[in-house]
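Here's a quick briefing for anyone meeting this structure for the first time. Take a look at the sequence and the model, then read on.

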Amino acid sequence: MDDIELRSKKIRRIIGPIPKRAFAFCIAATAVITVALAVALFCIPNPADSDEKLFWLIIKSLNM
């Protein structure tokens, strides 16, 4: 039961393994986008109150 193959040998030959550089690039791109969004939340002011950042507005709305 542990040796179930999801694809046949022919399909695996056509698809081939995932290139390591592409995999690493996708992880790095995801990390950069996540960090950029986090930084933006701390920098963008709340539209209703310019003294408060958007991050704190979101936190307050989650703690209702």
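Helices and strands here are DSSP runs, with at least four residues for a helix and at least two for a strand, numbered from the N terminus. On that basis, the chain has 3 helices and 0 strands. Keep in mind that this is a predicted model.

**The overall picture**

- Walk along the sequence and you'll meet the pattern α-α-α.
- The chain is 64 residues long, and just 3% of them count as buried.
- Its accessible surface adds up to about 6200 Å², and carbon and sulfur atoms account for 70% of that.

**A nonpolar patch on the surface**

- Three isoleucines, I11, I14 and I15, make a nonpolar surface patch of about 310 Å².
- One of them, I14, sits in helix 1, which covers residues 9-15.
- Is I14 buried or exposed? With a relative accessible area of 68%, I14 is exposed, because anything over 50% gets that label.

**The aromatic rings**

- You'll find 2 aromatic pairs in the structure.
- One of these brings together F55 and W56: their ring centres are 4.8 Å apart and their planes meet at 80°, so this pair is edge-to-face.
- Zoom out a little, and ring pairs tie F42, F55 and W56 together into a cluster.
- How open to the outside are F55 and W56? F55 has 21% relative accessibility, so F55 counts as partly exposed.
- W56 comes in at 45%, so W56 is partly exposed too.
- Both calls follow from the cut-offs, because partly exposed is what lies between buried, under 20%, and exposed, over 50%.

**The loop around P45**

- Where does P45 sit? Look in the loop that runs between helix 2 (20-43) and helix 3 (54-62).
- P45 has a relative accessible area of 39%, which means that P45 is partly exposed.
- Setting aside neighbours within four places in sequence, P45 is in contact with S50, E52, K53 and L54.
- P45 can also be placed relative to F55, one of the cluster residues: the two are 10 residues apart in sequence, and their C-alpha atoms are 8.6 Å apart in space.

Technical notes
Residues are numbered from 1 along each chain as its sequence is written. This is a predicted model: local features need pLDDT of at least 70, side-chain atom pairs count only at pLDDT 80 or more; totals for chains, interfaces and linings use all residues. Side-chain values use heavy atoms; hydrogens and water are left out. Patches are made of residues with over 30% relative accessible area and no salt bridge: like charges are joined within 9 Å, nonpolar side chains (Val, Leu, Ile, Met, Phe, Trp, Tyr) within 5 Å. Accessible areas come from the Shrake-Rupley method with a 1.4 Å probe; for residues, only the protein chains shown count as cover. A salt bridge is a side-chain nitrogen of Lys or Arg within 4 Å of a carboxyl oxygen of Asp or Glu. Buried means under 20% relative accessible area, exposed over 50%, partly exposed in between (1.4 Å probe, protein chains only). Rings of Phe, Tyr and Trp (its six-membered ring) pair if their centres lie within 6.5 Å; planes under 30 degrees apart count as stacked, over 60 as edge-to-face and the rest as tilted. Contact means heavy atoms within 4.5 Å.
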